[in-house]
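Trainee: Before we start, could we go through the reasoning behind a few of the terms used for this protein?
Mentor: Gladly; let us look at it together.

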Amino acid sequence: MLTIHTQPLCWKGGRFVSPADAPDASRENTIAYRILQAHNRSGDMSQLALGFDALVSHDITYVGIIQTARASGLTEFPLPYVMTNCHNTLCAVGGTINEDDHIFGLSAAKKYGGEFVPPHQAVIHSYMRERYAASGRMILGSDSHTRYGAYGCMGVGEGGPELARQLLGKTYNVAYPRVIAIYLTGKPRPGVGPQDVALALVGGTFREGTVKNAVMEFFGPGLDALSMDYRCGIDVMTTETSCLSSVWQTDERTRQALARLGRKADYKPLSPADGALYDGVIEVNLDAVRPMIALPFHPSNAYTIEEFNANAADLLHQVEKDAVEQLGVKTLPGSLTDKLQNGRLRVDQGVIAGCSGGTYQNLKRACQILDGHVVGSDAFRLSFYAGSMPILNALTQQGYVSQAMLAGVDWRSCFCGPCFGAGDTPANGAFSIRHSTRNFPNREGSKPGEGQLSYVALMDARSIAATAVNGGLLTGADQLPCPPEDDPDELFDYDDRPYQARVYRGVGRPQPEQPLIYGPNIADWPRQIPLPENLLLTVASAIYDSVTTTDELIPSGETSSYRSNPLRLAEFALSRKDPAYVGRAKQVLALERLRRENPADPAVLAALGGYDAASTGLGSAVMALKPGDGSAREQAASCQRVLGGCANLVREFATKRYRSNVVNWGMLPFVVPGIEELNLQPGDRLYVPGIRALLQGDGESVDATLLQGDASRSVTLTLPGLTREERDIILSGCLINYYA
């Protein structure tokens, strides 16, 4: 399916050649370069300072972003800022606090001049595709799946502080990224959907870091076979490769799609110029893609359904082994192999939802496959979530909603819940198949630490519907007698009257006299102090998993309700990975507060062990080999900071966005050579002398002393690639302090 070239290649004369055979080869000829250049304010393309065309957040993140920007001097939104309400939509946890956040968001849209999309109207990325994605534009979102590349629009998902920077007229600073060509050929077989192509890409690139922090640039003759919905379905999943952004060649279908959305003027022809130089090439033969399944607990754990069915017992046994090793589960809720019937897995639930699954074409194909069948009255159940009210309206007008209802499908509102554990939580021990974005641990809503464990696998809507037709026996849609084909020219009859009836559109019309309306859970960020001269760090958690997700650093699900309250949310930090972390961090924080009040206190002097109390701060640190995969949520870092965190100690960061969050919250992003060999454990300490002076200068390494029990040794901590501004942010204590 994939042929991966990791060396630079040049697009010349309709084929890829060695740069040595193309003397005019240039990165300037890529689509990505031209878009980045148009948005760069630095004057230096090697170090970008980007200004975006629009911002977007959902109701888990926009309160914190506005609170951060407000504390730093915000008076009005200087560019379009869209606030959707598709995560804490159900208002099911914590009394009134979810709806209190929604009221705050509406008041902020009025006061500062923004766009507010009420609950149940649209999933964040469906809305932005319909209303804002345009050729040549760039959009920054506080959600990791901010991807609008199919429209020729580069979307970047980042933590909230980066959006606050844009609201304050600052730039998004990043080194010029690698650009990887994704060259599409062939045509998908009937029954093969966009999630199948996406999972093949994720499975072939994630573990090796093939496109990590790069821009994926899609083009090639295979585009002719793909509708806009199909392209969007592949594009939104590029986040799971750990890339920075994505962009696609635009064509007549792009123009027609934008015209159907009432935005014909937003189309621009974009394609790589002859001589475009790429840092790597991935050839995707669409003819060879088969229906896929990504087994728990990552989208990269991908197999063809045919391969899975041939090896189901062994692969399910490996899933159980991963559950024990990754989640620390001591007792599994039965054996997954008990779900096998004549070698075939009988699943318990199907869900088609969100920005990846809830497109018009995906839901229509699923309805067509289900026509004349019923889901049945046994344990298996099936739920559909449309991505937006215009999509749901079009499916209703054409009779597909009723058709699916008669088959036994449960229709839900436009809501992101199944992607992060707040909707259709499976039963303990159940196996769910979903056309959604992620299948990380806990993303389905279970709590392994409390003896609950369910499993989620990712599949395409077509194969989920085929599985429903077979009574829950896992089935690839290509095994149906006549699977419906995808029409590459298919577009839905877009009607935005639902938005006209409900969405507040106040972009460019701030009303400064309007008050912000606060609920009792909405709290300001606690004050952070500047970086001290020296640091004595205590390891409060040590995680040796190969990758640590932001879900493990701060869980999703019901904790999302408390993201407007930094102190309350911090109580959940690492709660499903290392439940003792919060207590350990609080002990260090209490000593640091005491040090500031009374440096001569005996408890402080005992904790410092002879180091100077006047100049040496006490802070906690989280050690993880490769943290930050997954969501863009800033709270994965801010919760550590609220608890007194001063540093991360890593082999490498999984994503640029998590490293940015660490820096923006005033923590040191230490990369530690040979960190595994140090065998760091909770309670170990690191004395880091002269750290403030190091950041005031341009040094990138410091010799620290590692204290493990009665033993001590010298270790080298590095800070590779810190910019002058990043140094100043850490010196100030956090981004809020830096701007204040």
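Trainee: In what order do the strands of the open sheet of 6 strands stand?
Mentor: In this predicted model, the order is S9-S8-S5-S6-S7-S25, and the pairing is mixed.

Trainee: What makes S9 and S25 edge strands?
Mentor: Strand S9 (154–157) and strand S25 (504–505) each have a single partner strand, so one side of each is left without a neighbour in the sheet.

Trainee: How do you know that S8 and S9 pair?
Mentor: Pairing requires at least two bridges between two strands, and 4 bridges join strand S8 (residues 138–141) to S9, the two running parallel. Within these strands, Ile139 stands opposite Gly155 in S9.

Trainee: Which residues of helix H8 are called buried, and why?
Mentor: In H8 (residues 252–260) they are Arg253, Thr254, Ala257 and Leu258, and they are called buried because the term means under 20% relative accessible area.

Trainee: Why are these buried residues said to lie on the same side of H8?
Mentor: They cover an arc of only 135 degrees around the axis, which puts them on the same side of the helix. Among what covers them is helix H7 (228–235).

Trainee: What makes Asp251 a cap of H8?
Mentor: A side-chain oxygen of Asp251 lies 3.1 Å from the backbone nitrogen of Arg253, and since a polar contact is a pair of N or O atoms within 3.5 Å, we can conclude that this pair falls inside the cut-off, at the N-terminal end of H8. After H8 comes Gly262, whose phi is positive, near 80 degrees.

Conventions: Residues numbered from 1 in each chain as written. Predicted model: local features only at pLDDT ≥ 70, side-chain atom pairs only at ≥ 80, totals over all residues. Heavy atoms only, no water. Buried < 20%, exposed > 50% of the residue type's maximum accessible area, 1.4 Å probe, protein only. Arc of directions from axis to C-beta. Contact = heavy atoms within 4.5 Å. Polar contact = N/O pair within 3.5 Å; in protein donor to acceptor, adjacent residues only side chain to side chain.
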